[in-house]
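Load the model and keep the sequence beside it. The walk below goes from charged pairs to a helix, then to the core.

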Amino acid sequence: SKTVDGAYRSSLYQKLNDLGYDIDFVGDRSSDITNSLPDGDHEGHKWYISQFSNYIEAFLDQTDPDIILLMAGGKDISYSSDTARIIDDLNELIGKIITLRPSSFVFVSNHPKREN
């Protein structure tokens, strides 16, 4: 599959910037800076939900985000057929985020369809 610099964040950045919002992506990782994405910070990992859950408190303490864009579970879906556990783990992670940052907005994304 082809990777796009900044993925969805480039389009999101441009649209929000055009509406007058001051955008500051946060995270320990960084994408290449481009004209369409002048802020490459992110916290994208290819982790299991349980790994996110173990790390989320430290990340939220370090970055204190107002808005959280969460796409988690891709690795779980790829390597497990226990969908009930995956759903429970994701619900637990979302609950932990809401408890730790009750004033933040949390947007949970579905995963794009994968082509084999």
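Which kind of interaction joins the side chains of R101 and D64? They meet in a salt bridge, at 3.1 Å from N to O. Keep in mind that this is a predicted model. R101 sits in the loop between α4 and β4 (105–108), and D64 in the loop between α2 and β3, so their pairing ties together parts 37 residues apart in sequence. R101 counts as buried because its relative accessibility is 13%, and the cut-off for buried is under 20%. The pair also belongs to a wider set: D61, D64 and R101 are linked in a network of salt bridges.

D64 deserves a second look for its backbone. Its phi is positive, about 45°, although D64 is not a glycine. This residue follows α2.

The structure holds four salt bridges in total. Side chains of opposite charge can pair when their charged atoms come close. Turn now to R85. Its side chain meets that of D76 in a salt bridge, 3.8 Å from N to O. R85 also forms a salt bridge with D89, where the closest N and O atoms are 2.6 Å apart. R85 and D89 both lie in helix α4, four residues apart, which is about one turn of the helix. An α-helix has 3.6 residues a turn, so residues three or four places apart point the same way. Burial separates the partners in the D76 pair. D76 is buried, with a relative accessible area of 2%. R85 is partly exposed, at 31%.

Next, follow helix α2, residues 49–63. It has 15 residues, and at 1.5 Å a residue these should span 21 Å. The end C-alpha atoms are 20 Å apart, which agrees with that expectation. Still, α2 has a kink of about 45°, centred on Y55.

Which residues of α2 are buried? They are I49, F52, S53, I56, F59, L60 and T63. The buried residues pack against three elements: β3 (67–70), α3 (74–79) and α4 (83–100). S53 is a polar example to inspect. Its place is in helix α2, and it counts as buried because its relative accessibility is 9%. Leaving aside neighbours within four places in sequence, S53 is in contact with E92, L93 and K96.

The kink residue leads on to the aromatic rings. There are five aromatic pairs in the model. In one of them, the ring centres of W47 and Y55 lie 5.3 Å apart and the planes stand at 85°, so this pair is edge-to-face. The cut-off for that class is over 60 degrees. W47 counts as partly exposed because its relative accessibility is 22%. Y55 is likewise partly exposed, at 22% relative accessibility. W47 and Y55 join F52 and F59 in one aromatic cluster. Of these, F52 and F59 are among the buried residues of α2.

Now go to the nonpolar core. In soluble globular proteins, nonpolar side chains tend to be buried together. The largest nonpolar core here has 13 residues. Which of them touch the most other members? They are I49, I56, L70, A72, L90, L93 and I97. The elements giving two or more residues to this core are α2, β3 and α4. Pick I97 and look outward. Not counting residues up to four places away in sequence, I97 touches I56, L60, I68, L70 and V106. Of those partners, I56 and L60 are buried residues of α2. L93 links back to an earlier stop, being one of the contacts of S53.

Finish at strand β1, residues 29–30, where S30 has its place. Is S30 buried or exposed? It counts as exposed, because its relative accessibility is 51% and the cut-off for exposed is over 50%. Even so, S30 has contacts beyond its sequence neighbours. Leaving aside those within four places, it is in contact with G40, D41 and H42. S30 and H42 are 12 residues apart in sequence, and their C-alpha atoms are 5.8 Å apart in space.

Technical notes. Residues numbered from 1 in each chain as written. Predicted model: local features only at pLDDT ≥ 70, side-chain atom pairs only at ≥ 80, totals over all residues. Heavy atoms only, no water. Phe/Tyr/Trp six-rings, centres within 6.5 Å; stacked < 30°, edge-to-face > 60°. Buried < 20%, exposed > 50% of the residue type's maximum accessible area, 1.4 Å probe, protein only. Contact = heavy atoms within 4.5 Å. Expected span 1.5 Å × (residues − 1). Bend = angle between axes of the 7 residues up to and from the residue. Core = buried A, V, L, I, M, F, W, Y, C linked by side-chain atoms within 4.5 Å.
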